[in-house]
Amino acid sequence: MTQNAERRQLERAGALHWFHWLVGLFSVLMTLSAWYVSKRELKATRQVHFERIMDQTIELILDRMSKYEEALWGGVSLIHTLGDGVDHDQWQTFARSRRIEERYPGINGIGVIHSVSPDGLPGYLSLQRKRRPNFDIHPAHAEPELFPITYIEPYQGNEVAVGLDVAHEVNRFTAAKKARDTGQAQITGPITLVQDSAKTPGFLFYAPFYKGGSIGHDGLQTSNFLGMVYAPFVVNKLMRGVLEKEKRQVGIRISDGPDVLYDEHQTEDEDFDPVPQFKDSKDVALYGRTWTIDVWSTKSFREAASDSQPAIILFGGIAMDALLLSLFLGISRANRRAIAYADSMNSELQIDKGLLEKANMHLGVVAEQLKSAKEVAEVANRSKSAFLANMSHEIRTPMNGVLGMAELALDRTADKELREYLETIRDSGQSLLAILNDILDFSKIESEKMELESIRFAPRDAVKQIHRTMGFAAREKNLGLVLQIDDAVPEEVVGDPGRLRQILINLIGNALKFTKEGRVEVAMRVESQSDRQVCLRCEVRDTGIGIPPDKQAVIFQAFTQANESTTRQFGGTGLGLAISSELTQLMGGRLWVESVLGEGSRFYFTVRFGLSPETVPGAGSGNLESVRDGIQAEPKRALRILLAEDNPVNRKVAATLLKKRGHQVVMAEDGLKALGLFERESFDLILMDLQMPEMGGLDPVREIRQRERSTGQRVLIVAMTAHAGAEDRQRCLDAGMDDYLSKPIDVANLYRVVEGVQAKGEENFRSAWRTGG
């Protein structure tokens, strides 16, 4: 195919055809159909919603009237219990116990109406006037029966109703006779209560009572009828108590025949809808009357059931149709432009080809430069690591002497002022050591050389040990330190216990530092668990100064605290949280904070550990605890210990600490002399420095292990060095050492190692150190 033919084919492909217009028309029809269906379904859904609200409203009215009926029958039960009679005091006590105004909104009171015959009228009046001299029956009427209101409570507001004869008026009398003859509760038609000054519609609610609690064998009132318990209602008050208008989306009107009892059809009402979306009417039989309840939707109903969905579908569909047509037109124009652009680009392509060849040559030169720069950076990084390692050794070696001598001096003096000076020296040295450790850890993390151990350990014991360690600092500040470990936390996991302790010590230390009063709580629980892995979630809560919201993300950055005043007041490098955050990420978790300024902070972190399939649940924890108890026991025998250390101050410190425990110490200034002493004498334990003149610590250890193969005996060898990295520890273990003590030597750790040898022998010694040290 020639180039011109290809060009014509592309031009035809880019033009609009009949099927493009057909697709557009079909899309418009689909939009209109979706709009119609959506509008119809929305109307049906609203209709169902309106009917549900209407039914709920009517049900609420019926339910409330049922509760009022129960109150009336409660009064009837009282009268029967008292022997078909009740006096004024007894009725007053009953009414107050019902808490009418609180439990029965809309009711004006609850009272007793007695049936009085003309022959019994004098006796009835005499009985009532003993307590109420002014009691009288009113108004006069021609009916032979008298139904006077004897009692009503509360009396206040209902005074004019006392003595009122309900037989004087046809509406009241008719409902009363119906209640008498049927034995069922009845309500009157609409009336105006004598105690209602507003003259709004109301009604009376009757419940009859009979002599002996029985209506009579003939089903008529005859001689058994004694009277009625009754309640007067003002309908407006009743409806306000029954139906909270603010919680509805409909208006209601209640009618009894032609009489309107209650009407919310008020044009001045903010929720009034002049053209309601829905309205309905329902007749309800209620205690001898038929109420017609009209219900209509309000503005809030219209707003809650927004009708924007069909409009969105319509306008959205039209917009999509327009977009589709625009797309067809745009494709056609773009095709024409593409052809023109291709023509222009073809002429420039040859020029660009030459430029690309030159650029490719330049990129090769840049790649070589980048390779050289990478090699320089790697050399610089190695130099930096070597410098930090050497500086760590050079600082830790004299620091060991400072801290050790301070501890020895504290043991030998009781002078309060001198002890204060020595404690200041010791605490300052420990603070300097903590800063050094933070800097080394941060450097390793920054250079991605941080390595994690993978050993078995008990997370419960790790947390409990920190609780014991930090408890002294908490007591010094008069703070509580509370520990909570969930029962679901496994007895044994596989991971790095040292880094777990480091994170917890950082967080607990910060919590104690920034808390003046109250307590610090530490909690551990299982976040998730599978057959091979468990994710633990730890929480450290304090009642300290809190962290402002705008600083809560910043505090996890290196060399950063919430503000400069915090640094001046509390100290610190600002590395602890940064290191902890990085460590949690290395351990498969994360670290975050929730804090309220002035109320305290909550630090959370998650870490993931392996689960060993052959581990027996519970066994690990018991063994570790028993080992730890053995280590803390009193020495059982004096040991012969070979101490290889080139620094005279450190030699003196370690020897003095060991001799205080009754051990015999033989000292060597370098590895060569230590090897010679081993050949001539026997020792229970060798403490070996790594960096010494003549022969360092690793070479004599390898030689000792080589010679032990022929004797079948083995002496415990522990590194004691200022090299504090995880790689240094591994080098010691690879050379044949049993474990590792970093300088400055922690006195408790030193004694734990020595007394572990005394109490349990080699295997228990290893367990004690790797879980408790």
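Is Asp63 buried, partly exposed or exposed? At 35% relative accessibility, Asp63 counts as partly exposed, and its salt-bridge partner appears in point 1 below. Please keep in mind that this is a predicted model. Here are my notes, in the order I would look at things on screen.

1. **The pair in helix α2.** Asp63 meets Lys67 in a salt bridge, with 3.8 Å from N to O. Both residues sit in helix α2, which covers residues 18-81, and because they are 4 residues apart there, about one helical turn separates them. Lys67 is partly exposed as well, at 39% relative accessibility. For the background, side chains of opposite charge can pair when their charged atoms come close.

2. **Arg519 and its network.** The count of salt bridges in this model comes to 26. One of them joins Arg519 and Glu521, whose closest N and O atoms are 2.5 Å apart. You may like to look at the accessibility on each side of this pair: Arg519 is partly exposed at 40%, while Glu521 is buried at 13%. The pair also belongs to a wider set, since a network of salt bridges links Arg519, Glu521, Glu539, Arg541 and Arg602.

3. **A link between distant parts of the chain.** Arg714 and Asp738 form a salt bridge too, with 2.9 Å between the closest N and O atoms. This pair connects distant parts of the chain, 24 residues apart: Arg714 lies in the loop between α18 (698-711) and β20, and Asp738 in the loop between α19 (726-735) and β21. Asp738 is buried, at 2% relative accessibility, whereas Arg714 is partly exposed, with a relative accessible area of 40%.

4. **The parallel sheet.** Strands β20 and β21 bring us to an open sheet of 5 strands, ordered β18-β17-β19-β20-β21, with parallel pairing. Its edges are β18 (664-668) and β21 (739-742), each of which pairs on one side only. On average, neighbouring strands in the sheet are turned by 20 degrees against each other, direction ignored. As a reminder, strands of a sheet pair through backbone hydrogen bonds, either parallel or antiparallel.

5. **Inside the sheet, and the helix on it.** Between β19 (residues 685-688) and β20 (residues 716-721), which run parallel, there are 4 bridges. Met688 is found opposite Ala719 of β20. Helix α17 (residues 671-680) packs on the sheet, where it touches β17 (640-644), β18 and β19. The direction of α17 makes about 135 degrees with that of β18.

6. **Two cis peptide bonds.** Which residues does a cis peptide bond with an omega of about -10 degrees join? They are His138 and Pro139, and Pro139 lies in the loop between α5 (121-129) and β2 (149-153). A cis peptide bond also joins Glu153 and Pro154, with omega at about 0 degrees. Pro154 belongs to the loop between β2 and α6 (170-182). Both places deserve a look, because most peptide bonds are trans.

7. **Two positive phi values.** Most residues other than glycine have a negative phi. Tyr287 has a positive phi, near 50 degrees, and is placed in the loop between β8 (279-286) and β9 (289-297). Asn478 has a positive phi near 60 degrees, and its loop runs between α11 (459-476) and β11 (480-485). Is Tyr287 buried or exposed? Its relative accessible area is 18%, under the 20% limit, so Tyr287 is buried. Asn478, at 70% relative accessibility, is over the 50% limit and therefore counts as exposed.

8. **The nonpolar patch and a long-range neighbour.** Leu25, Val28, Leu29 and Leu32 make a nonpolar surface patch of about 340 Å². Leu25 is part of helix α2, the helix that also holds the Lys67 and Asp63 pair. How many residues separate Leu325 and Gly24 in sequence? The answer is 301, with 6.7 Å between their C-alpha atoms in space. Leu325 is in helix α9 (residues 308-412) and is partly exposed, with a relative accessible area of 35%.

Conventions. Residues are numbered from 1 along each chain as its sequence is written. This is a predicted model: local features need pLDDT of at least 70, side-chain atom pairs count only at pLDDT 80 or more; totals for chains, interfaces and linings use all residues. Side-chain values use heavy atoms; hydrogens and water are left out. Two strands pair if DSSP finds at least two bridges between them. Axes are lines fitted to C-alpha atoms, for helices over the stretch in contact, and angles run from 0 to 180 degrees between N-to-C directions. Contact means heavy atoms within 4.5 Å. Buried means under 20% relative accessible area, exposed over 50%, partly exposed in between (1.4 Å probe, protein chains only). A salt bridge is a side-chain nitrogen of Lys or Arg within 4 Å of a carboxyl oxygen of Asp or Glu. Patches are made of residues with over 30% relative accessible area and no salt bridge: like charges are joined within 9 Å, nonpolar side chains (Val, Leu, Ile, Met, Phe, Trp, Tyr) within 5 Å. Accessible areas come from the Shrake-Rupley method with a 1.4 Å probe; for residues, only the protein chains shown count as cover.
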